[in-house]
Amino acid sequence: MQTRMGRGWMLGAAALAGAMLVGPQAQAQQSNGLDDPTIVAIFDAANTWDIASGNLAAKKGTTKAIRDFGAQLARDHTNVRQQARDLAAKLHVTPTPPKDFAMAKSNAEAERTLHATKGMAFDRAFLQHEVDFHKAVIDALNTTFLPAIQNAELKALVEKVVPVFNAHMVMAQHLLDGLGK
């Protein structure tokens, strides 16, 4: 895959699918900017961001459970990101992130907060971020991206990882609930 695939795991395969689209459906999909390459780029970015936050938690978490969860996030999202990058390379797709990407701005703000906090405040901020982040990604995958994906292999990959993302969200909520108020 090309170097443009650095952030989030979802945008790469979209370009090939977009190139293969014809007719009104293709025109509508391309006019709203949500083609398979864009989806692959967003997906790649989301995975990259969670790798970074997982690695940070693996270092800064105050409990073994939080450090282990952070390491698990980094491993799982690295694996998923690589699968998406391999698929994009196979399909000869160059992921293209959207120009105005609200999720990127939100992630940058979350990163600043996580880097600035310590101790239990970090644990709470990290876990709440993971709950919110995974919920937003799962919602986007189910309601926006999956219906728009044209390539069958990309759709199968995304469908395969949604349950893993859901498990991450549930685990983050469980750990957050365990911290108490």
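**Exercise 1. Determine whether threonine 48 is buried or exposed, and place it in the fold.**

Step 1. Threonine 48 has a relative accessible area of 13%. Buried means under 20% relative accessible area, exposed means over 50%, and partly exposed lies in between (1.4 Å probe, protein chains only). Threonine 48 is therefore buried.

Step 2. Threonine 48 belongs to helix 3 (residues 36-60). Helices (H or I, at least four residues) and strands (E, at least two) are DSSP runs, numbered from the N terminus.

Step 3. Between the C-alpha atoms of threonine 48 and valine 80 the distance is 9.9 Å, with the two positions 32 residues apart in sequence numbering.

The model is predicted: local features need pLDDT of at least 70, side-chain atom pairs count only at pLDDT 80 or more, and totals for chains, interfaces and linings use all residues. Residues are numbered from 1 along each chain as its sequence is written, and side-chain values use heavy atoms, with hydrogens and water left out.

**Exercise 2. State how many helices and strands the protein chain has, and characterise its overall surface and contacts.**

Step 1. The protein chain contains 7 helices and 0 strands. Its pattern along the sequence is α-α-α-α-α-α-α.

Step 2. The protein chain has 181 residues, of which 47% count as buried.

Step 3. About 8800 Å² of the protein chain is exposed, and 57% of this area comes from carbon and sulfur atoms. Accessible areas come from the Shrake-Rupley method with a 1.4 Å probe; for residues, only the protein chains shown count as cover.

Step 4. Among contacts in the protein chain with a separation of 6 or more, 84% join residues 24 or more positions apart. Contact means heavy atoms within 4.5 Å.

**Exercise 3. Describe the packing of helix 4 and helix 7 by angle and axis distance.**

Step 1. Two packed helices are described by the angle between their axes and the distance between the axes. Axes are lines fitted to C-alpha atoms, for helices over the stretch in contact, and angles run from 0 to 180 degrees between N-to-C directions.

Step 2. For helix 4 and helix 7 the angle is about 170° and the axes are 11 Å apart. The two helices, helix 4 and helix 7, are therefore roughly antiparallel to each other. Angles under 35 degrees count as roughly parallel, over 145 as roughly antiparallel, 65 to 115 as roughly perpendicular and the rest as oblique.

Step 3. Helix 4 contributes residues including Phe69, Leu73, Val80 and Leu87, and helix 7 contributes residues including Leu157, Val164, Phe165 and Leu175.

Step 4. By class, 16 nonpolar, 4 polar and 4 charged residues make up the contact of helix 4 with helix 7. Ala, Val, Leu, Ile, Met, Phe, Trp, Tyr, Cys and Pro count as nonpolar, Asp, Glu, Lys and Arg as charged, and the others, Gly among them, as polar.

**Exercise 4. Analyse the packing of helix 6 with helix 5 and with helix 7.**

Step 1. Helix 5 (residues 102-116) and helix 6 (residues 119-148) have axes 10 Å apart and an angle of about 165°. Helix 5 is therefore roughly antiparallel to helix 6.

Step 2. Helix 5 and helix 6 cross in a left-handed sense. A crossing is left-handed if the near helix is turned anticlockwise from the far one by less than a right angle, and right-handed if clockwise.

Step 3. In this contact, Met103, Asn107, Ala110 and Leu114 of helix 5 meet residues of helix 6 including Phe122, His129 and Val137. The contact of helix 5 with helix 6 comprises 8 nonpolar, 2 polar and no charged residues.

Step 4. Helix 6 and helix 7 (residues 152-179) pack at about 150°, with axes 9 Å apart. Helix 6 is therefore roughly antiparallel to helix 7.

Step 5. The crossing of helix 6 and helix 7 is left-handed. Its residues divide into 15 nonpolar, 6 polar and 6 charged.

**Exercise 5. Locate alanine 74 and histidine 92, and assess the accessibility of each.**

Step 1. Alanine 74 is a residue of helix 4. Its relative accessibility is 7%, so alanine 74 counts as buried.

Step 2. Not counting residues up to four places away in sequence, alanine 74 touches Ile51, Gly54 and Asn55.

Step 3. Histidine 92 is in the loop between helix 4 and helix 5. With 75% relative accessibility, histidine 92 counts as exposed.

Step 4. Histidine 92 has a phi near 60°, a positive value in a residue other than glycine.
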